[in-house]
Every structure is written in structure tokens, then in C-alpha cells.
Amino acid sequence: MKKTIITVVGKDTVGIIAKVCAYLAENQVNIEDISQTIVKGYFNMMMITDASRSEKDQGVMAEELEKLGEEIGVSIRCQHEDIFNMMHRI
Amino acid sequence: MINLFEARETNKMISEENLDVRTITMGISLLDCIDSKLDKVNVKVYDKITTMARNLVQTGEDISREFGIPVVNKRISVTPIALVGGAACKSPEDFVSLARTLDRAAKEVGVNFIGGYSALVSKGMTKADENLIRSIPAAMAETERVCSSVNVGSTKTGINMDAVKLMGEIVKQTAENTREQDSLGCAKLVIFCNAPDDNPFMAGAFHGVTEADAIINVGVSGPGVVKHALTKVRGKDFEVLCETIKKTSFKVTRVGQLVAQEASRRLGVPFGIVDLSLAPTPAIGDSVAEILEEIGLESVGAPGTTAALALLNDQVKKGGVMASSYVGGLSGAFIPVSEDQGMIDAVNAGALTLEKLEAMTCVCSVGLDMIAIPGDTKPTTISGIIADEMAIGMINQKTTAVRLIPVIGKGVGETVEFGGLLGYAPVMPVNQFSCDAFVNRTGRIPAPVHSFKN
């Protein structure tokens with residue numbers, strides 16, 4: 001099953017992971033891996049998720065997550081893993 | 001698995017360095033729409049385009065959303081209309097009705113340009129070819145989204161100088177017919193030597209007769225990504241410079257390959273090619289000129305420009321060919337003046353001239369592109385510029401093109417605004433010496449000796 005990659009970038013604040021995870025849980029998206037770091041006060045996170053049990057279309061989820069990001073004040077992107085695989089793996 | 005650093009790099013290219021897929025272009029063959037009755041041809045052409053391409057725009061938008069990569073344009077190219085309308089169109093006016101049909105079909109499916117209002121006359125013109133060419137000024141004035149191209153030469157056939165002479169007049173007439181919009185019609189008209197059959201980029205796209213019934217071609221872009229990568233290797237030697245361009249080009253092209261495969265699968269139309277061209281836009285940081293300046297030029301146009309461009313073009317191809325299973329179209333660096341802020345700045349600063357641009361076209365795709373010249377330039381002078389550019393293509397066995405805009409009512413130093421992706425341009429001076437006697441000879445320039453390879 002193809003994975004969905006969720007990336008979050010922005011100024012660090014309390015509760016970013018909690019809010020994103022709450023949204024994913026509501027939508028039956030399983031998180032398989034999380035990596036996160038803070039560079040110069042900027043929060044960087046990537047989640048590898050399995051959205052195959054979600055009823056929502058990935059495009060819709062991408063839009064909703066983007067909106068959620070705006071509320072928190074960070075940028076959230078939800079993308080099909082292939083764009084990264086194509087670019088970084090031969 | 002992908003790591004955080006890699007995901008960040010990709011998304012930074014998209015959000016900060018203007019990485020995008022410039023166009024998904026669906027090529028559609030209209031050969032099966034040929035009929036001797038004009039109204040029947042019009043109906044068949046409209047029906048075929050609106051049926052084949054009905055999901056094109058939506059598919060492009062879906063892919064864009066799911067992969068998080070902008071797909072800027074969705075476009076259509078069709079069989080050269082001189083062939084499709086040849087049996088039915090007895091006059092230039094008849095051809096204009098086909099142009100209107102293409103325009104209507106483009107609006108119906110929501111694409112921003114449709115290419116293929118074209119004639120291939122590299123050796124000779126049929127009556128239909130000539131009628132189509134003579135209809136171009138009216139067609140460009142009456143339609144909004146139709147793009148026209150005429151292939152007037154090739155390495156195999158030489159240059160059709162009768163067509164070159166005619167095109168000088170047609171460019172001028174097109175400018176006159178659209179003078180209210182700063183001669184915008186000329187921005188939709190390209191004159192080619194060695195035109196490729198599978199070019200996805202406008203205004204020169206058409207669906208060649210050697211192609212399948214329908215095909216998906218994709219043009220990638222990313223001058224900003226290359227420029228950004230080069231800022232990290234300032235002062236390093238050419239080996240490091242070239243490696244950096246190659247690696248960046250590989251990554252950019254992979255995205256094009258992915259989008260092409262996805263579009264092809266979802267639309268049920270075979271994948272044709274990925275065009276590797278670095279295509280600039282007027283947006284800040286999306287400029288080929290800035291790459292050349294990052295390589296080490298004070299301004300594009302300075303001595304060293306041609307060498308830097310040659311290097312860039314070659315490395316882009318070397319990185320790109322491995323990234324895609326089929327590469328085609330124009331595949332090189334574009335140097336349109338009005339669509340590239342760095343080029344515009346260089347012209348305004350007096351660093352870049354028409355003659356230097358001509359030299360640059362020897363080593364990159366495509367040619368003298370989107371250049372505004374004074375509105376009082378003589379048609380024979382325009383033909384002379386076209387002939388020069390065609391000769392470069394013929395001798396160097398490459399595609400060259402001319403897209404000049406003689407801006408009626410404007411002179412050197414004034415600025416012309418086209419809007420959107422077409423940008424704006426300062427009117428550039430043209431050599432004032434005459435080439436009338438040269439252009440007015442009739443016939444064709446024979447094919448060069450190195451074309452006899454059999």
C-alpha cells in the first residue's frame with residue numbers, strides 16, 4: 001500500500017503534534033513513523049502514514065490539513081509518497 | 001524510506017524555488033476529422049477535442065493536489081490544421097472558421113492554449129498551406145487561445161525562402177491586426193526550423209503526423225531550483241558546477257516523469273515524452289538569466305554568456321535523460337526575453353542585444369523568443385532575422401524558432417505589457433541596414449552537405 005507523507009514546518013509552539021495527530025485519528029489514518037527536529041526555533045516534522053482505511057479522498061485531506069496548519073500557524077502538506085521516492089530514489 | 005531531510009528538500013523546491021510542472025499537453029490527432037465539407041470538419045474537430053480532453057484539466061488538478069506539486073498549465077496540441085483543413089478550406093477565411101472552432105473547444109474543456117494552427121512547409125507550400133498561413137493574422141486576432149506555428153526549414157530539406165519571405169509579411173500583419181493589444185497576436189505565432197512533433201510547450205506545440213491518436217507530453221520547469229543549488233557552489237570549479245546542475249536537473253525531471261505517468265494512467269492515453277526544458281516565468285527567482293549570472297556573469301549578455309549557456313543546456317540534458325524513460329520535445333534552456341525578469345533587466349541595462357541573443361540560440365533551445373521590436377520594422381527585415389535563425393537550426397541540426405513581436409506604434413526604449421505568463425518586454429533595436437534584395441530572391445536554400453547521411 002502506498003503511503004501518505006505529512007510534513008509540518010513552522011514556528012515551534014505547544015500542541016502541534018497533538019492537533020495533527022488528533023485530526024489523523026479522527027480520519028482513521030495510521031501513523032507508521034514520525035521524525036521531528038527543531039532548527040533555529042523552527043519546527044520540522046515528517047510523518048509516514050497509511051491512509052488506506054480513511055474514507056476521505058487524499059486531496060480533501062490535503063486541503064483540510066492545510067487549513068488546520070493555518071489555524072496553528074504552521075505549514076502542513078499531505079502528499080503521496082511517490083513524489084519523494086521518484087526524486088530521491090533511483 | 002524517505003527521511004525528513006529529503007522531504008524538506010522537495011517541499012522547499014516547490015514552495016520557495018518555484019519548482020512546478022509547467023504543462024501537461026495532450027496531443028490529439030485530427031487526421032480522422034478530414035472531410036471535404038467545411039461544416040462537417042468543424043463539427044468533427046470540436047467533438048473529437050472535447051471528447052478526448054474532457055477530463056484533462058480535472059486530472060491535472062487532481063495530480064497537483066495529491067502530490068503537492070503545482071501543474072501550471074493544461075494544454076492541447078493538434079495535427080497541423082493545414083493538413084486537417086486542406087480538403088475543405090478553399091480560402092484563408094475558411095481556415096479562420098477552423099481557428100474559431102479550436103478556440104471554442106479549448107474554452108469548453110478549460111485549457112489555456114491549444115496549439116497546432118500550423119503548416120509544415122520546409123520544402124514547399126501546398127495551396128492549403130499557403131491559405132492557412134495567409135489566414136494567420138485574422139485567426140490570431142479573432143481567437144484567444146489558439147497558437148500558430150509554421151515550420152519553414154529543416155536540416156534535411158533546407159530553408160523554404162518563399163515561406164520565410166511570406167512569414168515576414170504575416171508577422172507584420174498579425175501585429176497590425178492586434179495593435180489594440182500591443183500586437184499580442186505575434187506572441188502566439190512561432191516560425192520554426194526542425195520543429196519537433198512532440199513539443200508540449202506553447203506557442204509552438206503541434207501533434208505531428210508520426211504520432212499516435214492521442215498522447216500525453218509533459219514539460220517540467222525549475223530554473224529557480226537550479227539557481228538555488230548553484231548558490232551553494234560559488235567559486236568552485238567547473239566539475240563541481242556541472243555535477244550540481246546535473247543532479248538538480250535529474251530531480252526536477254523525475255517529478256515530470258511521475259506526473260506524466262500518472263496523467264497517462266488516469267486519462268487512459270499513452271505517455272509520449274518529458275520535455276526537459278528550463279522554462280522561466282516573469283516571477284522573481286524563476287529565471288534562466290539568473291542561473292547564468294550565478295555561474296559567474298555580471299549580467300546575461302556579458303562575454304562568456306554563450307559558453308555558460310552551452311554548459312547549462314548540456315548538463316540539464318545529461319541529468320534529465322536518466323530521469324525519464326522518454327525525453328523529447330525541445331529539451332533545453334529557454335531564453336524568452338519577456339518571460340524572464342533577468343533577461344528584461346539585462347536588456348534595460350544595455351547588456352543584452354538582439355545579436356547576442358542570436359548567438360545564444362546556437363547553443364540552446366529554442367531561438368529568438370518573445371522579443372519586442374519596433375513596430376515600424378520592415379517585413380523584409382523580419383524575414384531576414386527569421387532566415388538567420390533558420391540557418392542556425394539547419395546547419396546545427398537543432399530546432400530553432402523565432403517569435404518576434406513588432407509592436408505597432410512603439411519604438412526602442414518603450415515597454416510593452418503582455419500580461420500573465422507572457423510577461424512584459426522593452427522594445428529592442430533592430431539593425432537598420434536592408435536585406436531586401438536577399439529576401440526578395442525566390443526559391444529555397446538547399447540542404448547542407450552534412451544532411452546527406454544515407
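Let's start inside chain B: B:Ile76 sits opposite B:Ile114, a residue of strand β3(B). Keep in mind that this is a predicted model.

**The strands of chain B**

The pair just named belongs to a parallel pairing: β2(B), residues 71–78, runs alongside β3(B) with three bridges between them. On to another neighbour of β3(B). Strand β4(B), residues 146–154, also pairs with β3(B) in the parallel sense, this time over six bridges. Here you can look for B:Ser118, which faces B:Ser149 of β4(B).

How do β3(B) and β4(B) fit together with a helix? Together with helix α6(B), residues 127–142, they build a β-α-β unit, and the unit is right-handed. As for its surroundings, β3(B) covers residues 113–120 and is mostly covered, with eight of its eight residues buried.

The strand pairings in both chains can be set side by side:

| Strands | Sense | Bridges |
|---|---|---|
| β2(B) and β3(B) | parallel | three bridges |
| β3(B) and β4(B) | parallel | six bridges |
| β1(A) and β4(A) | antiparallel | seven bridges |

As a bit of background, strands in a sheet pair by way of backbone hydrogen bonds, and the sense can be parallel or antiparallel.

**The helices of chain B**

Now for a helix that is mostly covered: α10(B), residues 288–295, has eight of its eight residues buried. Among them are B:Val288, B:Ala289, B:Ile291 and B:Leu292, and B:Glu290, B:Glu293 and B:Glu294 are on the list of buried residues too. What covers the buried residues of α10(B)? The cover includes α8 (223–231), α9 (238–267), α11 (305–323) and α12 (341–348), which belong to chain B as well. Right after α10(B) comes B:Gly296, with a positive phi of about 145°.

Two of those covering helices, α8(B) and α9(B), also meet each other. Their axes come within 9 Å and cross at roughly 145°, and the crossing is right-handed. From α8(B), the residues taking part are B:Val225, B:Val226, B:Ala229 and B:Leu230, and they meet B:Thr244, B:Ile245, B:Thr248, B:Ser249 and B:Val252 of α9(B). Sorted by class, this contact holds six nonpolar and three polar residues, with no charged ones.

**The sheet of chain A**

Over in chain A, four strands make an open sheet, ordered β2-β3-β1-β4, with antiparallel pairing. The edges belong to β2 and β4 of chain A; each has a single partner strand, so one side of each has no neighbour in the sheet. From one strand to the next, the twist averages 15°.

Take a look at β1(A) and β4(A), which are antiparallel and joined by seven bridges. One spot to find is A:Ile6, whose bridge partner in β4(A) is A:Cys78. Helix α2(A) lies across β1 and β4 of chain A, and its direction is at about 165° to β4(A).

**Where the chains touch**

How many residues does each chain bring to the contact? Chain A gives 22 residues and chain B gives 20 residues. On the side of chain A that touches chain B, at least two residues come from each of β1 (4–11), β2 (30–39), β3 (42–50), α2 (58–72), β4 (74–80) and α3 (82–88). The largest share of that side, seven residues, is supplied by α3(A). By class, the touching side of chain A has eight nonpolar, ten polar and four charged residues.

Conventions. Residues are numbered from 1 along each chain as its sequence is written. Chains are lettered from A and ligands numbered from 1 in the order in which they are written. This is a predicted model: local features need pLDDT of at least 70, side-chain atom pairs count only at pLDDT 80 or more; totals for chains, interfaces and linings use all residues. Two residues are in contact if their C-beta atoms, placed from the backbone, lie within 7 Å. Ala, Val, Leu, Ile, Met, Phe, Trp, Tyr, Cys and Pro count as nonpolar, Asp, Glu, Lys and Arg as charged, and the others, Gly among them, as polar. A residue is buried if 20 or more other C-beta atoms lie within 10 Å of its own, exposed if 12 or fewer, and partly exposed in between; C-beta atoms are placed from the backbone. Two strands pair if DSSP finds at least two bridges between them. A crossover is right-handed if, with the strands pointing away from the viewer, the path from the first strand over the helix to the second runs clockwise. Axes are lines fitted to C-alpha atoms, for helices over the stretch in contact, and angles run from 0 to 180 degrees between N-to-C directions. A crossing is left-handed if the near helix is turned anticlockwise from the far one by less than a right angle, and right-handed if clockwise.
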